[in-house]
Amino acid sequence: MSGSTPQADGPLLEITDLAVRYRGRHGYVDAVRGVDLVVARGETVALVGESGSGKSTTALSVIGLLSTQAEVWRGRIGFGGEDLRVVSRRRRAALLGREIGFIPQDPTVSLNPVKRIGDQVAEVLLIHGVTDRAGAAEQAVTALAAAGIDHPEIRARQYPHELSGGMRQRVLIAIALVAGPSLVIADEPTSALDVTVQRQILDNIGELTRSAGTGVLLVTHDLGVAADRADRIAVMSEGRIVEVGTPSVILGDPEHPYTRSLIAAAPSLQAGRRHHRTAGVEVGRPLLEVTGLTKEFALPGTHGQVLRAVDGVDLRLGRGATLGVVGESGSGKSTTARLALRLLAPDAGRIVFDGEDITDLTGERLRQLRRRIQLVQQNPYASLNPRLTVGAIIAEPLASFGTGRRAGRARAAELLDLVVLPAAVIHRRPHELSGGQRQRVAIARALAPRPDLVVLDEPVSALDVRVQAQILDLLADLQGELGVGYLFISHDLAVIRQIADTVAVMLAGRVVETGVTEDVFDRPQHDYTRRLLAAIPGRHVVGSGT
Amino acid sequence: MGGYLARRLGQAVLVLWAAYTVSFLVLYALPGDAVDTRLGADSGSDITPEQIAALKSDYGLDRPLVIQYLTQLGRALGGDLGRSFDNGRPVTSLIAEGLPATLAIAGAALVISVLAGGGLALLAAGTRHRRLSRFLLNLPPLGVAVPGFWVGLLLLQQFSFRLPIFPALGNEGLRSIVLPAITLALPTSAMIAQLLAKSLSQSLAEPYADTARAKGASRSRVLLRHALRNATLPALTVAGLLTGQLLSGSVVVETVFSRTGLGRLTATAVSAQDTAVVQGLVIFGALVFVLVNLLVDLLYPVLDRRILRTTPRILITAEGRT
């Protein structure tokens, strides 16, 4: 297609002994410590690892987009006979966009908000003088169409904010591929997207690069995505590649203990449940029962139009059981959780908690109810007050229900023990803890007033898979010990499968399917549930591999 | 778009009314009026109380405050801002006479500010030399901190007296504009430079700038074609403040350079306690401020389509359902 630069012999990209470090306040921090990686022509190589493993740093050093604090201080980045580490700025700029395409992580912020989409795609061709303005505009529309954008002529004249996240990622794919590069660097291209959209996007990247014979370096934290999409997988940990192989070898016969622990933790690769319990058996009245729950929001910028975010939802949660509510963004699952918590008032429907209708509860009685229903939020970085010590954070809900300071402190210590954190953590502040530790603190805080129900809103979505697995284990243990009920909200079916006794699948504000977890997953009735299940990455490998 | 425009216009009218009312309260409701201070006790002259009363009734100062407020507001709506106590001439014609001279230096100052401030910001954001960038970014605070009259005097000393390039006084000719305009432009350029440099460096750190770099765009292309337009938006918000700064700066500058104009008019009206003229100038200032902000508000949607967000969010979530 482009033909000019890389010679036909040898690998497309050959990274040897790459080392990158960041200048920190206390000297250098090593991010990449001697990485060797080869991408052959037309080959897709997935670089897999947890946050901080150095996978993104490795990929970004190929295109020279590292932050100014970063320094590539050793190694060679061979591309078509040149070393990208030492080429001139001008030469690198000539290769970027033309020979090396880049698909960034977050489509919502990666397009220029004040430029038309078509112009942003065409710009690549104009920068490299591939064609004139009219020809570039024409090719941009073709590239948008190839990236799966409907009505590309109209879309080309739109601005980024008029498109959905998935559509914007398609635009970025068009930008990366419009000049026909021989290598594409994709840095977590779908981690910000819903699972069904993720599948379409990855399918699209796969088709386009395969037909053009483009090499792909796919950076992902998701072993399932890597297994589905890559010819080879390179597993990265602490700045080094610990294992390289084909998906069937990496997943079926991993050598390195780190790879094994990743696979064991990855929810999408584990078919079974974390803890077996007699699911579906209910004793006595349910803990939480909502019927006909409805909530509408006025749409900004319209006159009186409303969006029905939650539309007649019925849910039922047994005592000491877990109800998983699963759906994509905009499905109304978080609004449902906020309604159940009585943080929002429903427009219609009833909420019955432990036999008592709490729909219209106000004042002191509502406040007392708050003790019995607690919340754990998605982002443990934002939901803990950075100025308080862990002890104070955990004891805070106790103080508001009349527990004294000393008793609160004792209870905090007890809870830290319960969530398996060392006792010394009690004097630390949130920023001194890791993401997983923070989420444990958030769980301890929720459990402090001995609630009957904990609403968990995407509690593990911001965490790496191995930490995710630990938190899920912890939640299951705590439930067994304390008999607390969980309303577990997640976009991740694989996570829901591991933790929930019963599942409700939400789509556009409605529950389209509900039932015992195993039934829903093994014999899905609704078409949407089937599509969601089919979109879980790594499924075909699970069948053949482990 | 229609709703947006109507909202902005409504706000503009409200601001003007508020400016009128507040300035009226401050200038008229306080004890002692222009006639008292001018012809009162200290003059010790032969003016009789009857004459004072006649003068007061001539200007309507003897009537109840509410009536004064309403009649004056009614006249102001018709474009009549009253007469000067000093020379009896209509305030509107005094303003009209002073306007061209002030407009000349303020306009020149605005051009200088945009060029100098914008240029400095672009250079600071665009240069690869960190020391140069840091040095440039230290200039704006200095520009804001230095008092205008001092700079004016310094410029006079250098370029009028030591090197007679520009005239030291007066309104004569284009050359007389140069030094006042530079003096006036100093704080505003500094404001523009500081704001634009900050929002440029923020824009350059955005992921869309990385997308542009990954296209192979040169440093200047990323700066000028991608970052600049996004960075202009926050800088544009202060356009109203800048105009205010230029108007109030003209008071000092026109005094230092002995020019006539609105600034000079303000200075003399204030020292002579010519209430009607002072209020007229306040309202005129508010009018300019409101018009500039209105212009900015109308320019926003042209620069950034997101401001006219009429497409509801439902469009954005629609894809997952198809």
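This is a short chat about how chain A and chain B meet in a predicted model, and about a patch on chain B.

Q: How many residues of chain A are in contact with chain B?
A: On chain A there are 43, and they are in contact with 31 residues of chain B.

Q: And what area is buried between the two chains?
A: About 3300 Å². Carbon and sulfur atoms give 56% of that area.

Q: How many salt bridges are there between chain A and chain B?
A: The count is two. One of them joins the side chains of A:Glu123 and B:Arg221, with N to O at 2.8 Å.

Q: What about polar contact across the interface, how many residue pairs?
A: The rule finds 10 such pairs, counting those where both residues are at pLDDT 80 or more.

Q: Which elements of chain A give two or more residues to the side that touches chain B?
A: They are helix 2 (89–95), strand 6 (100–103), helix 3 (117–127), helix 6 (165–177) and helix 19 (527–535).

Q: Which gives the most?
A: Helix 6 of chain A, with five residues.

Q: How does that side of chain A split by class?
A: There are 23 nonpolar residues, 12 polar ones and eight charged ones.

Q: New topic. Which residues form the nonpolar patch on the surface of chain B?
A: B:Leu123, B:Leu132, B:Phe135, B:Leu139 and B:Leu142. Together they have about 460 Å² of accessible area.

Q: Which helix gives the most to that patch?
A: Helix 6 of chain B, residues 130–145, which gives four residues.

Q: And where does B:Leu139 lie?
A: B:Leu139 lies in helix 6 of chain B.

Methods. Residues are numbered from 1 along each chain as its sequence is written. Chains are lettered from A and ligands numbered from 1 in the order in which they are written. This is a predicted model: local features need pLDDT of at least 70, side-chain atom pairs count only at pLDDT 80 or more; totals for chains, interfaces and linings use all residues. Side-chain values use heavy atoms; hydrogens and water are left out. Contact means heavy atoms within 4.5 Å. Buried area is the accessible area (1.4 Å probe) that two parts lose on being put together, summed over both. A salt bridge is a side-chain nitrogen of Lys or Arg within 4 Å of a carboxyl oxygen of Asp or Glu. A polar contact is a pair of N or O atoms within 3.5 Å; within protein, one must be able to donate a hydrogen and the other to accept it, and residues adjacent in sequence count only if both atoms are side-chain atoms. Ala, Val, Leu, Ile, Met, Phe, Trp, Tyr, Cys and Pro count as nonpolar, Asp, Glu, Lys and Arg as charged, and the others, Gly among them, as polar. Patches are made of residues with over 30% relative accessible area and no salt bridge: like charges are joined within 9 Å, nonpolar side chains (Val, Leu, Ile, Met, Phe, Trp, Tyr) within 5 Å. Accessible areas come from the Shrake-Rupley method with a 1.4 Å probe; for residues, only the protein chains shown count as cover.
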